[in-house]
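Got the viewer open? Let's take a short walk through this one, starting with the whole chain and ending at a single side chain.

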Amino acid sequence: MSLIKRYLLPKEVDFNAFLLDQAQLGHSVVSDLYKVGTEELPISQDSISDITERARKLKSRNMSELLDVFITPYDKESIYRMITQLDWLILSVKHFLLEARIYNIHCLGDYQPILKLLLDMSAALVEGISALEGRKLSGITPPISKIHLAYDQVVESCAIAMARLLSEEDCKHILRPKDILAQLKEIGKRIQISANTLEDMAIKII
């Protein structure tokens, strides 16, 4: 039977577990970002390089498996979109850290409420992807709803912060925070798009 399974039966890959690995890494780096903001931890090039390497390895593995397998639990396009969006989430955190380090921004305390929203969103994404294994929409819908609500709050918070900046007269006090706010919104956007893809995958397994 093992020979038949090895050479004749189509290869099976647990994409639920693979996508969960990427989502958990995404949550981990968002959590690290939150700690940087709340505990005023230093942003080092080593930590940025570590994020890049871990993301690259996971994406490469998942893409390789996707290209090599014939049967998937969802259509390949949905899995591909989820892999790429989860990778973009991690890259967006990396880009934020790069900007903050290059701009020499040591204190992210002003962005703590937005960072907390992003942390909650990434946790909800892990929860939603974890529920794919059970193939029950009831376990996936609540975390997706949390993400949609939190993303609205992220957009609103960034807009309010930007409106305050525009009252400044010094351009330097406007431009640097403006870029930081844009990158925070980008992180939220990637989680939001991942949630939309998850919703699409969930509908297809009903």
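Start with the cartoon view of the protein chain: you should find 7 helices and 0 strands, so to speak an α-α-α-α-α-α-α pattern when read along the sequence. Keep in mind that this is a predicted model.

Now switch on the surface. The accessible area of the protein chain comes to about 11,100 Å², with 56% of that belonging to carbon and sulfur atoms. Of its 206 residues, 44% count as buried. If you draw the contacts with a separation of 6 or more, 82% of them link residues 24 or more positions apart.

Next, select residues 112-130, helix H5, and residues 137-165, helix H6. Their axes come within 9 Å and cross at roughly 160 degrees, which makes H5 roughly antiparallel to H6. The crossing is left-handed. Show side chains where the two touch: on H5, pick out residues including Leu117, Leu118, Met121 and Leu125, and on H6, residues including Ile147, Ala150, Tyr151 and Val154. By class, this contact has 13 nonpolar, 3 polar and 2 charged residues.

Last stop: zoom in on Tyr151 of helix H6. Is Tyr151 buried or exposed? Its relative accessibility is 15%, and the cut-off for buried is under 20%, so Tyr151 counts as buried. What is in contact with Tyr151, leaving aside its neighbours within four places in sequence? Select Met121, Lys185, Gly188, Lys189 and Gln192. For a final distance, click the C-alpha atoms of Tyr151 and Gln192: they are 6.8 Å apart in space, though the two residues are 41 apart in sequence.

Key:
Residues are numbered from 1 along each chain as its sequence is written. This is a predicted model: local features need pLDDT of at least 70, side-chain atom pairs count only at pLDDT 80 or more; totals for chains, interfaces and linings use all residues. Side-chain values use heavy atoms; hydrogens and water are left out. Helices (H or I, at least four residues) and strands (E, at least two) are DSSP runs, numbered from the N terminus. Buried means under 20% relative accessible area, exposed over 50%, partly exposed in between (1.4 Å probe, protein chains only). Contact means heavy atoms within 4.5 Å. Axes are lines fitted to C-alpha atoms, for helices over the stretch in contact, and angles run from 0 to 180 degrees between N-to-C directions. Angles under 35 degrees count as roughly parallel, over 145 as roughly antiparallel, 65 to 115 as roughly perpendicular and the rest as oblique. A crossing is left-handed if the near helix is turned anticlockwise from the far one by less than a right angle, and right-handed if clockwise. Ala, Val, Leu, Ile, Met, Phe, Trp, Tyr, Cys and Pro count as nonpolar, Asp, Glu, Lys and Arg as charged, and the others, Gly among them, as polar. Accessible areas come from the Shrake-Rupley method with a 1.4 Å probe; for residues, only the protein chains shown count as cover.
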